[in-house]
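Me: I have a model open and have not looked at it before. Could you walk me through it while I ask short questions?

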Amino acid sequence: MSRNAKINALLLLAVAALAVLPLVLGLGDHKEEPFAGADAEAETAITEIEPDYEPWFSPLYEPPSGEIESALFALQAALGAGVLAYYFGLRRGRRQGEERASTAAATAAPRDTPGGD
């Protein structure tokens, strides 16, 4: 197994552990909504500290349910991942093309010019 394959396998294992360990260890069992986002956690903490608090801004669009909000967030994440994957794929393809072109130029035999000395 190559060094890059080992690193990729370790990274994949680490990501899987980060996803599975909180579920296995039951880290959110004491909460009413264990998978609520950071915004909801912050809102809860602020209203506990200061019940009269009113936000400075309101959202432009308030989804009708939590499921739709989660779906929109997942769509946003998927689009971002797609843009990043396209960018890195484009960079890799260009780099490989440049390497092939330089290899082809280096291995090409020098040509004699007709009518030359």
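Me: What share of the residues counts as buried?
Reply: In this predicted model, 2% of the 117 residues of the protein count as buried, where buried means under 20% relative accessible area, exposed means over 50%, and partly exposed lies in between, with a 1.4 Å probe and protein chains only.

Me: And how much surface does the protein expose?
Reply: The protein exposes about 11,200 Å², and carbon and sulfur atoms supply 62% of that area; accessible areas come from the Shrake-Rupley method with a 1.4 Å probe, and for residues only the protein chains shown count as cover.

Me: Switching topic, what is the secondary structure?
Reply: There are 3 helices and 0 strands, and along the sequence the pattern reads α-α-α. Helices (H or I, at least four residues) and strands (E, at least two) are DSSP runs, numbered from the N terminus.

Me: Where is confidence lowest and where is it highest?
Reply: Helix H2, residues 38–49, has the lowest confidence, at a mean of 84, while helix H3, residues 66–107, has the highest, at 92. The mean pLDDT (the predictor's confidence in each residue, from 0 to 100) is 85 for the protein, and 89% of its residues reach 70 or more. Where pLDDT is low, the predicted coordinates should not be read in detail.

Me: Which residues make the nonpolar surface patch?
Reply: Leu60, Tyr61, Ile68, Leu72, Leu75 and Leu79 make a patch of about 680 Å². Patches are made of residues with over 30% relative accessible area and no salt bridge (a side-chain nitrogen of Lys or Arg within 4 Å of a carboxyl oxygen of Asp or Glu), with like charges joined within 9 Å and nonpolar side chains (Val, Leu, Ile, Met, Phe, Trp, Tyr) within 5 Å.

Me: What is leucine 72 in contact with?
Reply: Leucine 72, which is in helix H3, is in contact with Tyr61 and Pro63, leaving aside its neighbours within four places in sequence; contact means heavy atoms within 4.5 Å. Leucine 72 counts as partly exposed because its relative accessibility is 40%.

Me: What about leucine 75, where does that lie?
Reply: Leucine 75 lies in helix H3 and is partly exposed, at 49% relative accessibility.

Me: How many aromatic pairs are there?
Reply: The structure holds 1 aromatic pair. The rings of tyrosine 87 and phenylalanine 88 have centres 5.3 Å apart and planes at 65 degrees, so the pair is edge-to-face. Rings of Phe, Tyr and Trp (its six-membered ring) pair if their centres lie within 6.5 Å, with planes under 30 degrees apart counted as stacked, over 60 as edge-to-face and the rest as tilted.

Me: Any ground rules for reading these values?
Reply: Residues are numbered from 1 along each chain as its sequence is written, and side-chain values use heavy atoms, leaving out hydrogens and water. Local features need pLDDT of at least 70 and side-chain atom pairs count only at pLDDT 80 or more, whereas totals for chains, interfaces and linings use all residues.
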